Amino acid sequence: MPHRKTALRLVAPVAVLALALTACGGGDDETGADAKGEGTTEPAAASPSPSQPVSGGAMAQGESATGKVAEDPGEVTYDVVAQKVEVGTESEAAKAVADAADAKGKVLATAHIKYTHKSGPDLTEGSDVHDGTTVFADGQRGGVLIGASEDAPGCEDPYDVESWKQGESHVFCETYVIPAGATSVEVHWSEEDGEPYVWKFPQK
């Protein structure tokens, strides 16, 4: 599978150049990085049932989901868990984007997600597992800030991880622009064509 975010990373190496409002959806070829750069916003779909669906569902904090990703050279099964979400201030958001007006009434939310290679072939050319991750606030998908997470403490740059063997874990982060004062932030991760797993992080 081609690494869909590579082109965006090359044209937008710094976060201030990469603010993009995003369309809803996840798990197919029109989501991930391509959808994150489309510049549109749509209402979020209803949250999945907390029952035990084949794919997707509400997750407890600290609970990991298991899903498959079509990688090169073959399908890999991952354990995925959203560890935490760090929410910043409006002034931080204003400094992070090219036009401070784009961040008026907004804050940055950085989600830390741990991915563990559970089974499948060893990877030698990177992974697409993080393409299935998005951040929502109060039921609405945020706007992704590409390039903002690589330098955050505790976050790895997925493009620096090329060798990935069974049993190894990496923490990748996603930074989104969300409304200030949001009462709940959700991290969504989904398999290709699957329903999202959802971790909720209530805000004070």
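# Reading a predicted chain

Me: Where do I start? How much of the chain is buried?
Reply: Of the 204 residues in the chain, 47% are buried. Keep in mind that this is a predicted model.

Me: How much surface does the chain expose, and what share do carbon and sulfur atoms supply?
Reply: The exposed area is about 9700 Å². Carbon and sulfur atoms supply 51% of that area.

Me: Next, the secondary structure. How many helices and strands are there?
Reply: The chain has 3 helices and 11 strands. Read from the N terminus, the order is α-β-α-β-β-β-α-β-β-β-β-β-β-β.

Me: What do the contacts say about residues far apart in sequence?
Reply: Take the contacts with a separation of 6 or more. Residues 24 or more positions apart account for 71% of them.

Me: How do I read a sheet?
Reply: Strands of a sheet pair through backbone hydrogen bonds, and the pairing is either parallel or antiparallel. Here, 5 strands form an open sheet, in the order β2-β11-β10-β6-β7. Its pairing is mixed.

Me: Which strands are at the edges?
Reply: They are β2 (57–59) and β7 (140–141). Each of these pairs on one side only.

Me: In which sense do β6 and β10 pair, parallel or antiparallel?
Reply: Antiparallel, over 5 bridges. Strand β6 covers residues 133–137, and strand β10 covers residues 184–189. To find your place in this pair, look at Val-135, which stands opposite Val-187 in β10.

Me: Now the interior. Which residues touch the most other members of the largest nonpolar core?
Reply: That core holds 32 residues. Tyr-78, Tyr-115, Val-129, Trp-164, Ile-178, Trp-189 and Trp-199 touch the most other members.

Me: Which elements give two or more residues to this core?
Reply: They are β3 (65–70), β4 (75–87), β5 (106–119), β6, β9, β10 and β11 (197–202). The largest share comes from β4, with 6 residues.

Me: Which residues does Trp-199 touch?
Reply: Leave out residues up to four places away in sequence. Trp-199 then touches Met-59, Ala-60, Glu-63, Ala-65, Val-80, Val-81 and Ala-82, and also Val-185, Glu-186, Val-187 and Trp-189.

Me: What does the second core include?
Reply: This separate core has 7 residues, among them Ala-93, Ala-103, Leu-108 and Val-177.

Me: What is a disulfide?
Reply: A disulfide is a covalent bond between the sulfur atoms of two cysteines. A search of the whole structure finds 1. Cys-155 and Cys-173 form it, with their sulfur atoms 2.0 Å apart.

Me: Where in the chain do Cys-155 and Cys-173 lie?
Reply: Cys-155 is in the loop between β8 (143–145) and β9 (169–179). Cys-173 is in strand β9. The two are 18 residues apart, and the pair links distant parts of the chain.

Me: Why is the disulfide called left-handed?
Reply: Because the torsion about the S-S bond of Cys-155 and Cys-173 is about -85°.

Me: Is Cys-155 buried or exposed?
Reply: Buried, at a relative accessible area of 11%. Cys-173 is also buried, at 9%. The cut-off for buried is under 20%.

Me: And charged side chains?
Reply: Side chains of opposite charge can pair when their charged atoms come close. The count here is 1 salt bridge. Lys-84 forms a salt bridge with Glu-86, and their closest N and O atoms are 3.3 Å apart.

Me: How exposed are Lys-84 and Glu-86?
Reply: Lys-84 is partly exposed, with a relative accessible area of 38%. Glu-86 is partly exposed too, at 36%.

Conventions
Residues numbered from 1 in each chain as written. Predicted model: local features only at pLDDT ≥ 70, side-chain atom pairs only at ≥ 80, totals over all residues. Heavy atoms only, no water. Helix = DSSP H or I, 4+ residues; strand = E, 2+ residues; numbered from the N terminus. Buried < 20%, exposed > 50% of the residue type's maximum accessible area, 1.4 Å probe, protein only. Contact = heavy atoms within 4.5 Å. Areas by Shrake-Rupley, 256 points an atom, 1.4 Å probe, with all protein chains shown as cover. Disulfide = S-S within 2.5 Å. Salt bridge = Lys/Arg side-chain N within 4 Å of Asp/Glu carboxyl O. Pairing = 2+ DSSP bridges. Core = buried A, V, L, I, M, F, W, Y, C linked by side-chain atoms within 4.5 Å.
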